Amino acid sequence: MIWVLLLVFVVCLLFRVPIAFALGLSCLFYLLLEGIPLIVVPMKMYSGIDVFVLLSIPGFILAGNLMNHGGLTAKIISFCNHLMGHIRGGLALANIGASMLFAGISGTAVSDTASIGAVMIPAMKKEGYDASFSCAITAASSTVGPIIPPSVPMIIAATLSGLSVGRLFLAGAIPGFLLGFGLMGIAYYIAVKKKYPKHPRSNIGQIAKGFLDTFWSLLMTFIILFGIIGGVFTPTEASIIAVLYALMVGMFVYRKLNFKNILVIVLDSMKTSASLMVLVGFANLFGWILITEQLPQLISSEILAFSENKYVVLLLINILLILVGTFMETIAALLVLFPILLKVALAVDVDPIHFAVIALLNLMIGLTTPPLGICLFVSSSIGKVSIGKVSMAGLPFLTISILVLILVTLFPQLSLFLPDLFMD
């Protein structure tokens, strides 16, 4: 009856049913047909979310929203403009730079696309950049965020596998910066070729002011990252510290937060957190059914029967994850597939931290892969450009992303160097 589960799930996706409900409905059909008591639904959902480290996710979501509504996005973009605005296509480079800095605050690609895209896409269009290019670069740069720590998808991956959150955060740093600077390189090449505008060089005073404006928000990222890595506090404790810090900075430094908008932000964060926890709960039920039907063992044996060469196995997994990432939200894909594919990777002696970074990179790339990449849809709706034009404009950025993925896959030390250096 496993085919019923998968068929209902795929049909729900085709009809654009929210992913959490697609998982829930497919599980419900399976349980009813198999005659399994429905009491397993709340039991498995609760066991899926009853994990201490998952408590950090609502905290990080709230902290990110507090900082974002406190005017952080505009300050980061302004600072990046002061640094790179004098270069040809400087606004495009600032777009990528802002995503790299914003990474530690949002932690998710779609929120990055929406937050930064709402500011950058209209600004780029106004200055003469092609609308499709503006949307494509915003979507592509947003995928850097969840790779550079801290990152919500990394916390999910660590929860699913028992890996150290601190080691996983460090493992994403070099690949994340490689991806960011690679995107900057191709953006600069296109900007020179199309003669996109540049601004006068900012003076030291303007750069210093821009840095001071963003200093408090960037400091939060360093406190979170080095606090977790140094063993000062757990990820859950770090999320609470981040909330308190964001409140103080938003109220007393940026002075954009007050009781009224804090209440709205808290309610919005509660909705986001609740929807995510429902997704985690249903995904745990879905995963329990897959394990009961021994599907992970079947997939593992089929892949290993095809080849036991580590790089061939990683190639097959890369292709699968990019395809899945084009139509499935990152966290949902992680919840369903990561535990299964991790077992396959371990069977061919792939380091689990290295594999986690590979998996996240694949799913991030899938968000900008035509024709269904979620970030493409978000940016195209902001820029009011057809998805086809945005997809074509995004092909050079997609190529760079795949090249970075190949490098990270072939050279494990790109992921493992920092964790091995700083953590036992």
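Here are legends for a handful of close-ups of this predicted model.

**View 1. The nonpolar patch around helix α1.**
M1, W3, L7, V10, V11, L14, F15 and L33 come together in a nonpolar surface patch of about 870 Å². Helix α1, residues 2-14, is the top contributor, putting in 5 residues. One patch member to pick out is V11, which sits in helix α1. V11 has a relative accessible area of 34%, so it is partly exposed, and that clears the cut-off of over 30% for patch residues.

**View 2. Helices α1 and α2 packed together.**
Here α1 packs with helix α2 (residues 19-34) at an angle of about 150°, and the two axes are 8 Å apart. That angle makes α1 roughly antiparallel to α2, since anything over 145 degrees counts that way. As for handedness, α1 passes α2 in a right-handed crossing.

**View 3. D130 and K194, a salt bridge across 64 residues.**
The model has 3 salt bridges in total, and this close-up shows the one where the side chains of D130 and K194 meet, at 3.2 Å from N to O. The partners come from distant parts of the chain, 64 residues apart: D130 is in the loop between α7 (109-126) and α8 (131-142), while K194 belongs to helix α10 (residues 165-194). D130 is partly exposed, with 32% relative accessibility. K194 is also partly exposed, at 45%.

**View 4. R167 and D420, a salt bridge between helices α10 and α21.**
In this view the side chains of R167 and D420 form a salt bridge, 3.0 Å from N to O. Because R167 lies in helix α10 and D420 in helix α21 (residues 413-422), the pair ties together parts that are 253 residues apart in sequence. R167 counts as buried, with a relative accessibility of 17%, because the limit for that label is under 20%. D420, on the other hand, is partly exposed at 44%.

**View 5. K209 and D213, a salt bridge within helix α11.**
Now for a pair inside a single helix: D213 forms a salt bridge with K209, and their closest N and O atoms are 3.3 Å apart. Both residues are in helix α11 (residues 204-229), and they are 4 residues apart, so about one helical turn separates them. D213 is partly exposed, at 26% relative accessibility. K209 comes in at 53%, so it counts as exposed; the cut-off for that label is over 50%.

Methods:
Residues numbered from 1 in each chain as written. Predicted model: local features only at pLDDT ≥ 70, side-chain atom pairs only at ≥ 80, totals over all residues. Heavy atoms only, no water. Patch = residues over 30% accessible without salt bridge, like charges linked within 9 Å, V, L, I, M, F, W, Y side chains within 5 Å. Areas by Shrake-Rupley, 256 points an atom, 1.4 Å probe, with all protein chains shown as cover. Salt bridge = Lys/Arg side-chain N within 4 Å of Asp/Glu carboxyl O. Helix = DSSP H or I, 4+ residues; strand = E, 2+ residues; numbered from the N terminus. Buried < 20%, exposed > 50% of the residue type's maximum accessible area, 1.4 Å probe, protein only. Axes fitted to C-alpha atoms, helices over the stretch in contact; angles between N-to-C directions. Parallel < 35°, antiparallel > 145°, perpendicular 65-115°, else oblique. Left-handed = near helix turned anticlockwise from the far one by under 90°.
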